[in-house]
Amino acid sequence: MVASDSPFVVQMQDIVKMFPGVRALDHVNFELKPGELRSLVGKNGAGKSTLMNVLAGIYQPEEGKIYVNGQLIHPMTTERARQLGIAFVHQHSQLVPALSIAENIFLGNPLTGGSGFMAWKRLNDEARKRLNTLGLEIDVERKVEDLTVAEKQIIEIAKALFANAHTIILDEATAPLPKDEVNMLFDFVRRQSQQGVAFVYISHYIEEVFELCEVVTVMRDGQIVGDYKVANLDQAELIRLISGTRVEQFHRESRNGSGKTVLEIHGLNRPGFYQDIDLVIHEGEVLGLTGLEGCGKANLARGLYCLEPLGKGQVVLNGKPYHPDEPEAALDAGVAYLPRDRHGMGIVGMRPVGENVTFSILKRLTSRFGLLDTGRERKHILSFVEKLGIKTPSVNQPVEFLSGGNQQKVVFAKLVSAEPRVLFLDEPTQGVDVQAKVEIMKIIDQLSRQGVSSVIVSEEIREMLDVCDRILVMYNGAIVAEFKVGDPNFAAEKILMAVEGEREAL
Ligand SMILES: Nc1ncnc2c1ncn2[C@@H]1O[C@H](COP(=O)(O)OP(=O)(O)OP(=O)(O)O)[C@@H](O)[C@H]1O
Ligand SMILES: [Mg+2]
């Protein structure tokens with residue numbers, strides 16, 4: 001580290017970053033002190049990731065200066081950023097799943113014995129020793145693929161610290177993590193900050209910003225709105241600063257479903273994932289499916305959409321046996337699925353926003369002479385762009401150039417456009433800003449009034465309480481509890497207890 005008189009570890013001055021048709025950063029100033037826990041917040045497309053990509057040398061700005069420890073760095077490259085101690089921990093783990101923690105820690109820098117063979121014992125001992133210096137007691141022989149999301153994040157941060165990082169950028173580190181895991185990650189981050197490591201924490205979870213950070217920088221439309229001490233703000237105020245207007249809450253009004261059965265599942269079994277699942281989903285019902293990671297809730301949804309083996313049992317959709325052999329067949333039968341991982345199957349990145357939204361309904365928009373009704377297509381796309389606040393220079397923009405949250409909104413729009421009868425939504429509000437969360441809830445509610453059933457697979461219990469008619473809790477592959485709107489037990493604390501497996505407490 002270069003000794004300097006600067007009180008700042010990082011200073012970014014007057015940064016301008018242009019993309020075709022977009023001024024992503026408009027004369028942005030951003031500063032960070034050693035050991036600071038600073039949150040960076042803003043709506044989808046505000047410029048948060050772009051700003052941090054400039055700091056990490058991934059994007060070159062058109063204008064502006066970057067100082068690290070008081071020293072002007074020009075140009076900033078990924079290599080220089082790394083050497084200077086700036087580390088970007090991405091939401092998608094960069095660790096190698098099939099390798100152990102110890103192997104991952106020394107990846108790219110292996111310890112080899114005299115004969116050139118990897119000295120396993122030494123490797124494990126050394127990894128354990130180093131992790132101990134960070135206050136971590138972890139079995140270093142565990143494979144990374146067996147770790148929880150928070151544990152992976154911790155190992156990634158540790159790896160950066162071993163490479164002498166003093167500034168760590170977490171871009172949505174905790175989307176979405178169960179409470180106890182969030183605590184584990186935050187404890188670790190706090191301890192490192194006390195040792196002088198600065199953190200930039202990007203998140204759409206306002207509660208977590210308040211829990212972890214001392215200071216928050218708010219961005220809007222590529223500009224800095226301001227820097228605030230968290231202690232001087234309340235949550236509503238921060239949300240207003242982020243959106244620039246008052247954000248209306250989603251208020252549920254009672255819905256009267258027809259009570260007709262749409263999907264029936266009897267005695268569904270998949271060894272290692274779930275057992276004896278019996279489930280009836282009604283027309284227009286909004287059902288929540290929750291539980292700890294690995295409880296089987298996501299597997300069930302993915303199985304019903306043919307992305308995984310479904311297992312043995314009986315499934316009936318609209319009175320007919322339901323056994324599609326591929327996702328297209330499921331979609332044809334009226335079942336749609338919003339994946340948690342939008343980088344996987346959700347979007348066609350190189351294609352324009354508009355095409356992605358209407359992809360699944362081209363047939364309906366095409367006349368019997370084979371002509372696409374472009375006027376109707378455009379209207380349809382624009383209505384979604386407006387409703388969900390999809391920030392894009394035009395509907396012709398390839399989706400891969402949109403910000404993370406805006407990509408998620410495109411996937412959601414595409415799915416809803418297919419007019420399914422049953423919609424499985426795996427963490428539908430992951431990565432989207434507070435305002436868009438409300439809009440997504442409203443769309444789910446509207447669909448329900450039109451008779452479309454939704455199954456929300458999520459760990460965001462508070463959000464589910466706002467929109468669900470019924471919430472089921474899974475534990476170790478079984479449905480262990482049911483909560484209905486209107487019951488006194490339809491409350492976050494009660495549901496959380498069931499999630500944690502404290503069934504006797506019900
Ligand atoms: N590679 C790119 N090419 C073109 N435009 C881009 C590119 N990356 C970002 N943009 C645009 O720059 C703006 C800022 O995007 P950025 O990814 O920084 O937003 P963000 O604040 O991180 O949003 P989110 O909360 O959704 O992650 C957006 O309008 C986006 O469309
Ligand atoms: Mg981003």
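**Ligand 1 shell and the six-stranded sheet**

Among the 18 residues around ligand 1, those that come nearest are Phe19, Ser49, Thr50, Ser403 and Gly405; a residue counts as near if its C-beta atom, placed from the backbone, lies within 6 Å of the molecule. The model is predicted: local features need pLDDT of at least 70, side-chain atom pairs count only at pLDDT 80 or more, and totals for chains, interfaces and linings use all residues. Residues are numbered from 1 along each chain as its sequence is written, while chains are lettered from A and ligands numbered from 1 in the order in which they are written.

**Ligand 1**

- Strand E2 (22-32), helix H1 (48-55) and helix H15 (404-417) are the elements that give two or more residues to the shell; helices (H or I, at least four residues) and strands (E, at least two) are DSSP runs, numbered from the N terminus.
- Ligand 1 lies between domain 1 (10-98 + 143-243) and domain 2 (261-505), because both give residues to its shell; the bounds come from an automatic or database domain assignment.

**Sheet**

- An open sheet of mixed pairing is formed by six strands in the order E16-E17-E18-E13-E19-E20, where two strands pair if DSSP finds at least two bridges between them.
- Strands E16 (335-338) and E20 (478-484) stand at the edges with a single partner strand each, so one side of each is left without a neighbour in the sheet.
- Strands E19 (residues 470-475) and E20 run antiparallel and are joined by six bridges; arginine 470 has lysine 484 in E20 as its bridge partner.
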